[in-house]
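I opened a fresh notebook page for this structure. My entries follow in the order I looked things up.

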Amino acid sequence: MIISVPATSANLGPGFDSLGLAVDLRNRVEFHPSKFFSVSIKGEGENNARLKGNNLFVSIFNEHYSRLTKKKQNFKFTFYNSIPMSRGLGSSSAVIVSAIASAHEAANIRVSKRRILNHALVYEPHPDNITPAVMGGFNVATIEKNKVFSQKKHLPDYLKAVVVIPNKQMNTSKSRTILPKSYSKENAVYNLSHTALTVAAFFNEDWEMLKLAAQDRFHQKARMKTLPELFSVQKVAYESGALMSTLSGSGSTFFSLAYDDDAAMIANRLKQKFPEFAVKILDFDNSGLIIER
Ligand SMILES: Nc1ncnc2c1ncn2[C@@H]1O[C@H](COP(=O)(O)OP(=O)(O)O)[C@@H](O)[C@H]1O
Ligand SMILES: N[C@@H](CCOP(=O)(O)O)C(=O)O
């Protein structure tokens with residue numbers, strides 16, 4: 001059995017903790033019961049010894065497996081990781097979602113995606129990454145009484161993501177500590193109206209509206225200042241035809257959305273100007289969590 005979960009780009013400018021979409025870059029896990037516990041990692045994190053001993057996936061998996069079965073069982077886990085860690089592409093959400101889904105599969109208990117999402121909220125209290133990780137597509141999400149309420153929009157094939165992935169890791173919880181504790185009414189209204197416009201533009205497929213809509217006064221600037229080259233990344237992406245260009249999650253990745261026909265040129269310009277950063281063109285993902293039995 002293989003369980004896979006896509007990378008996600010959260011916030012999308014003004015939609016702090018509420019907007020996110022999924023891209024076609026997946027972490028996969030295979031597992032089966034075994035006499036001895038073992039972890040093998042291929043791809044991202046394969047040289048990180050810490051992940052063999054103290055692994056977020058394993059601790060969440062064990063918690064759910066013992067809750068569901070009241071039993072202890074060793075498993076052999078093989079991880080195939082494509083999502084870079086702490087770069088604003090939702091690696092922690094992917095791990096949380098796949099661990100919860102895997103534990104249910106291991107316990108032979110069928111569970112809805114919505115339920116997996118609500119379990120995931122316990123480990124990641126903002127819903128903007130976990131929602132597209134589970135559901136795929138573009139999502140707007142909120143929390144009421146410890147549950148996620150969300151709406152999804154499928155993303156068309158003629159759009160691509162162009163992502164610039166710096167080498168620098170930005171830990172999400174640390175990056176949240178640099179944000180202001182409160183915002184003025186003016187800035188709150190600014191973000192509220194821009195988030196609403198971004199959501200409407202996605203649902204109405206008014207892609208040309210996104211550049212104006214996806215402006216933020218809550219978090220981007222403060223975070224980008226820790227890696228100032230990101231201001232130039234955004235400028236070059238827009239000059240080269242990006243429809244929107246925002247910090248991905250808490251960074252350090254920069255996410256741009258573009259028409260299929262423009263994506264290669266945008267990526268080439270970004271590669272040329274920022275040879276020190278990885279640049280990838282990705283499809284959007286509309287599936288979210290996939291369980292292949
Ligand atoms: N493939 C993985 N396997 C195990 N743990 C992971 C994996 N990916 C991410 N993590 C955990 O999530 C942490 C990164 O979380 P975070 O800083 O929120 O990054 P991101 O922005 O990518 O979600 C890592 O330090 C690690 O504890
Ligand atoms: N809304 C969160 C999103 C964090 O995304 P990540 O991919 O960096 O974990 C935030 O802005 O802190």
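Which residues does the UniProt annotation "domain: GHMP kinase C-terminal" cover? I looked it up: the record, an unreviewed entry, gives residues 200-275. I note at the start that the model is predicted.

**Entry: the annotated spans**

I took residues 200-275 and checked their ends. The end C-alpha atoms lie 35 Å apart. I found the span to be 51% helix and 13% strand.

The unreviewed UniProt entry also carries "domain: GHMP kinase N-terminal", and I read its range as residues 66-137. Here the end C-alpha atoms are 32 Å apart. Helix makes up 51% of this span and strand 10%.

**Entry: the domain assignment**

Next I looked up how the chain is divided. The assignment gives domain 1 as 2-154 + 286-292 and domain 2 as 159-283. I noted 23 Å between the two domain centres, taken over C-alpha atoms.

How many residues of each domain are in contact with the other? I have 25 from domain 1 and 31 from domain 2. On the domain 1 side, the elements giving two or more residues are β1 (2-10), β2 (19-33) and β5 (138-144). β2 supplies the largest share of that side, with four residues. I then sorted the domain 1 side by type: twelve residues are nonpolar, ten are polar and three are charged.

**Entry: a helix pair**

I turned to helix α3 (residues 91-106) and helix α4 (residues 113-120). They pack at an angle of about 125°, and their axes are 9 Å apart. I therefore put α3 and α4 down as oblique to each other. The crossing of α3 past α4 is right-handed.

Which residues make the contact? From α3 I listed Ile96, Val97, Ile100 and Ala101. From α4 I listed Ile116, His119 and Ala120. Six residues of this contact are nonpolar, one is polar and none is charged.

**Entry: two backbone details**

Where is there a cis peptide bond? I found one joining Gly251 and Ser252, with omega at about 15°. Ser252 sits in the loop between β8 (244-247) and β9 (254-259).

I also checked Leu12. Its phi is near 50°, a positive value in a residue other than glycine. Leu12 belongs to the loop between β1 and β2. I had met both strands before: β1 and β2 are among the elements on the side of domain 1 that touches domain 2.

Technical notes
Residues numbered from 1 in each chain as written. Chains lettered and ligands numbered in written order. Predicted model: local features only at pLDDT ≥ 70, side-chain atom pairs only at ≥ 80, totals over all residues. Axes fitted to C-alpha atoms, helices over the stretch in contact; angles between N-to-C directions. Parallel < 35°, antiparallel > 145°, perpendicular 65-115°, else oblique. Left-handed = near helix turned anticlockwise from the far one by under 90°. Contact = placed C-beta atoms within 7 Å. Nonpolar A, V, L, I, M, F, W, Y, C, P; charged D, E, K, R; others polar. UniProt positions renumbered as here; feature names shortened; annotations may be inferred. Domains from an automatic or database assignment.
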